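Hi,

Here is the structure I promised to pass on. Have a look at it first, and my notes on what turned up follow below.

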Amino acid sequence: MDRKISTEFAKQRRNKKIIKIVMSVVVSITIFIVIINLTKPSINLEDVKISTATRDNLSVSITARGKVIPFYQEVITSPISSKIVNVLKKAGDKVSIGDPILELDLESFSAEVMEQNEELQLKRLKLEQFKVATISGLNETQLQINIDSMKLQRMAVQQINEKYLDSIGASTSDKVKQIELDYKIQMMQFKQFKEKYLNQKKNSEIEIKSMELDYKTAVNNTSLLNKKMQEAYIRSTSTATLTWVNDEIGANISVGANLAIISDLEKYKIEGSLSDSYSDKISSGDKVAIKLVGETISGVVGNVSPSVSEGAIKFNVSINNSSHSKLRSGLKVDLYIINSVKDNVLCIDNYSYYVGAGEYDLWVVNGNKILKRKVNLGESSYDKVEVISGLEEGEQVIISDMSKFNDRNEITLK
């Protein structure tokens with residue numbers, strides 16, 4: 001027979017059910033909160049790069065690319081067509097002034113130089129011989145002119161005497177006329193001979209000048225050949241490092257072919273290039289910040305090419321510390337050319353996020369949250385970026401890559 005459940009027992013059973021239901025709800029809510037927290041994006045500030053907006057003077061710069069090259073570098077080329085018969089130095093060797101680097105086959109060229117020197121000597125002898133013969137001939141002609149002049153003077157005296165004798169009846173008029181005619185003929189011959197002498201002298205001077213010019217040209221050509229002969233002994237022109245050498249023994253080479261490169265690897269400079277759209281913002285003397293690995297050094301813009309090649313302007317940079325330990329030939333570097341300064345500008349650190357003036361979505365630290373915000377950025381230096389609007393002084397902003405949170409507007413700090 002069933003017993004009636006007491007009120008107290010029924011109450012206890014009801015309380016137990018309520019407690020179980022409440023516990024189930026609490027556990028469910030707890031699990032839901034945990035799941036939400038696990039799926040909600042969050043970051044640790046130690047894992048990102050933070051910049052604080054501060055006021056500072058901004059050295060406005062434009063960015064360019066550059067390549068480190070030796071301060072002094074010379075390409076040695078072949079002065080003649082020949083072939084390599086011996087290699088005396090290898091790439092990387094230290095060389096001093098006058099050290100032989102290569103040997104070329106000079107047999108045929110030496111014969112050509114010898115022949116040219118002999119021809120030069122022959123031209124010199126011919127010129128001297130012609131000068132002697134010309135002077136001798138002119139002297140003989142001048143002597144004959146002097147003799148003819150004296151003959152004329154004598155005939156003039158005879159003419160006067162004959163006229164006198166004719167006046168006193170000691171001569172005849174026919175004889176006087178004959179003497180006068182002979183004198184006129186002799187005078188005409190004298191003038192003709194004198195004129196011939198002057199023409200001969202003038203022609204001789206012209207011919208001597210022509211021969212002298214020909215000889216001078218031969219001297220220059222011979223000097224050039226002798227100079228090429230000396231240059232054909234391939235030697236170092238300075239104390240430096242041999243950075244490259246054509247070591248193909250037996251290879252035929254043409255005039256102007258590269259044979260070796262010597263470089264001063266103790267000092268460096270930079271070859272830079274810049275988009276031609278910035279042609280009005282670069283000039284000789286501009287200060288330059290040179291970005292090396294973990295360090296920035298300074299320099300000055302030197303020559304700026306007046307021409308544009310493939311949309312770029314070429315220029316060089318003199319490095320203040322041209323012997324810096326981190327400089328290496330061929331090293332690619334970022335250059336920041338400073339062309340103006342802005343005072344008391346709100347700035348944040350320059351980093352990979354910055355690609356030029358404009359509006360950016362940046363993440364700003366706000367308590368235990370990080371909020372996405374529109375920030376308008378302006379000009380930059382090599383280490384700072386101008387903030388035009390969107391940030392206040394003292395606010396912190398994340399400047400490292402946050403692209404994985406592009407679909408979010410808020411992130412929680414761990």
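Let's start with a lysine: Lys384 counts as buried, at 18% relative accessibility, because the cut-off for buried is under 20%. Keep in mind that this is a predicted model, so everything here is computed from predicted coordinates.

What does Lys384 meet in a salt bridge? Its partner is the side chain of Asp349, at 3.0 Å from N to O. Lys384 belongs to strand β19 and Asp349 to strand β16, so the contact ties together parts that are 35 residues apart in sequence. Unlike the buried Lys384, Asp349 is partly exposed, with 25% relative accessibility.

A second salt bridge links those two strands. Lys342 and Glu386 meet through their side chains, 3.2 Å from N to O. Lys342 sits in β16 (residues 332-349) and Glu386 in β19 (residues 384-389), so this pair ties together parts 44 residues apart in sequence. Here the lysine is partly exposed, with Lys342 at 28% relative accessibility, while Glu386 is buried at 13%.

Then there is a pair elsewhere: the side chains of Lys369 and Glu410 form a salt bridge of 3.3 Å, N to O. Lys369 is in strand β18 (residues 369-380) and Glu410 in strand β21 (residues 410-413), so parts that are 41 residues apart in sequence are tied together. Both ends are partly exposed, Lys369 at 35% and Glu410 at 32%. As for networks, salt bridges with shared partners join Lys342, Glu379 and Glu386 into one. The total count of salt bridges comes to 14.

Now back to β16 and its strand partners. Which strands pair with β16? Among them are these:

- β3 (residues 54-70) pairs with β16 in the antiparallel sense, over 13 bridges. Arg55 has Leu346 in β16 as its bridge partner.
- β13 (residues 287-292) is also antiparallel to β16, with five bridges. Ile290 stands opposite Leu335 of β16.
- β19 and β16 pair antiparallel over three bridges. Cys347 has Glu386 in β19 as its bridge partner.

That last one is worth finding on screen: Glu386 is the bridge partner of Cys347, and its side chain also meets that of Lys342 in a salt bridge. So where do β16 and β19 come together? They do so in the antiparallel strand pairing, in the salt bridge between Lys342 and Glu386, and in the one between Lys384 and Asp349.

Shout if you'd like to go through any of it together.

Cheers

Terms used:
Residues numbered from 1 in each chain as written. Predicted model: local features only at pLDDT ≥ 70, side-chain atom pairs only at ≥ 80, totals over all residues. Heavy atoms only, no water. Salt bridge = Lys/Arg side-chain N within 4 Å of Asp/Glu carboxyl O. Helix = DSSP H or I, 4+ residues; strand = E, 2+ residues; numbered from the N terminus. Buried < 20%, exposed > 50% of the residue type's maximum accessible area, 1.4 Å probe, protein only. Pairing = 2+ DSSP bridges.
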